[in-house]
Amino acid sequence: SDGIFEYIIQKLADDPGSLAALIEAALQRLSALVRVDAERTSLMICEQFASLADHSSVLERLRPYPQMEMRYLEALLVRRRLSPSSSQEDRQAFFNDNVVRYVDLLCQNSPASVLPFVLENEALPLRECLELCSRYRVTDASVHLLERTGDFAGVLELLLSDYRAATEKLRRSFSGQGGPDRSVLSKAAKRLAAHAQVKHHGTLLQTLEAPWWEGFAEAQRCIDLLQNAYDLSARNSNIMTEDQMEELWFGILGHTVRLQEQVTSSTGEASERRRSSLSLALRELASKAMAGVLAYLSLPRSLKWICAEFGESSLGIWKDPLQSMLSGLGFQQGLLKAARAV
């Protein structure tokens with residue numbers, strides 16, 4: 001039965017006059033071909049049919065097979081496999097007719113691929129694409145599309161909401177309420193402990209084997225959202241207002257520290273070792289949030305905010321963040337003294 005694919009491909013090459021009939025016959029037997037070998041069926045359709053077929057007919061037959069439909073559209077929209085005889089107007093018309101469906105399929109099946117596609121294609125229908133990215137919670141692409149519209153209030157609401165949800169999933173993972181298996185948690189816990197030792201002794205961080213969140217989806221999500229916040233701030237440092245920057249970074253830092261406080265004072269269902277690991281993980285996230293505060297906010301205003309919001313907090317939780325902030329203030333004062341001396 002495997003030989004059927006070679007037979008179809010060979011017939012397509014040997015009998016150009018019967019292309020339409022051969023393709024139609026193959027599509028009529030699509031479900032049988034998928035049962036024989038779904039991967040080879042997808043490959044044959046994307047490689048052999050893309051430059052030959054009536055695309056609307058092929059796409060209609062592929063609707064029950066979204067992965068295959070996505071790959072077929074990728075061949076046409078991304079790898080530009082449309083027939084060489086197609087005019088520029090025809091190519092643009094096909095793009096306009098099918099790009100929203102392609103973004104829909106990407107959101108469902110390959111969310112990490114949405115942002116690269118959006119970045120490469122500026123002339124997208126913003127409203128439809130944003131609606132899809134929001135529906136499937138593809139945050140990085142949603143943020144980029146909201147930026148295009150200048151809706152920074154929407155960007156901040158989305159980022160902060162997703163960050164709160166991601167840290168809650170991280171907490172639940174360490175509490176044993178779903179999430180990764182024990183081996184993933186154990187590996188993360190060992191890396192966090194090693195990282196804490198490295199920082200305590202001042203050893204080079206490069207000696208660690210891998211980031212603590214590697215292979216840990218719930219932790220990776222938190223890191224990705226922090227990176228989204230860094231990228232957003234870097235791209236829009238001259239556009240976003242001071243209040244918007246503070247809403248973003250105080251929101252991230254404040255939520256992380258509040259969660260640290262809860263974990264430190266809790267005696268819940270998680271073991272002491274897991275609570276300790278979660279506390280270390282949150283400390284790492286708080287450190288990354290503090291890096292954003294130092295990079296984009298006024299240090300004196302940040303110190304006032306910390307004193308006002310967290311005056312009753314345990315000093316231990318704020319030890320590392322405050323050291324970073326005071327080091328930043330010291331560096332700024334050194335620059336001012338040097339400037340005055342010049």
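In the predicted model, a patch of negative charge on the surface is formed where D151, E157, D243 and E247 gather. One of these residues, E157, is placed in helix α11, which comprises residues 152–174. The relative accessibility of E157 is 59%, and the residue therefore counts as exposed, since the threshold for that class is a relative accessible area over 50%.

A contrasting environment is found at N121, which lies in the loop between α8 (114–120) and α9 (126–135). Although N121 belongs to a loop, its relative accessible area is 10%, and because the buried class covers values under 20%, N121 is assigned to that class. When neighbours within four places in sequence are left aside, the residues in contact with N121 are R80, F95 and R148.

With regard to the chain as a whole, the secondary structure consists of 17 helices, and the number of strands is zero. The chain contains 342 residues, of which 43% are buried, N121 being buried as well, at 10% relative accessible area. Of the contacts in the chain that link residues at least 6 apart in sequence, 66% are made between residues at least 24 apart. The area exposed by the chain amounts to about 18100 Å², and 52% of this area is supplied by carbon and sulfur atoms.

How values were computed. Residues are numbered from 1 along each chain as its sequence is written. This is a predicted model: local features need pLDDT of at least 70, side-chain atom pairs count only at pLDDT 80 or more; totals for chains, interfaces and linings use all residues. Side-chain values use heavy atoms; hydrogens and water are left out. Helices (H or I, at least four residues) and strands (E, at least two) are DSSP runs, numbered from the N terminus. Buried means under 20% relative accessible area, exposed over 50%, partly exposed in between (1.4 Å probe, protein chains only). Contact means heavy atoms within 4.5 Å. Patches are made of residues with over 30% relative accessible area and no salt bridge: like charges are joined within 9 Å, nonpolar side chains (Val, Leu, Ile, Met, Phe, Trp, Tyr) within 5 Å. Accessible areas come from the Shrake-Rupley method with a 1.4 Å probe; for residues, only the protein chains shown count as cover. A salt bridge is a side-chain nitrogen of Lys or Arg within 4 Å of a carboxyl oxygen of Asp or Glu. Lys and Arg count as positive and Asp and Glu as negative; His and the chain ends are not counted. The place of a charge is taken as NZ of Lys, CZ of Arg, CG of Asp or CD of Glu.
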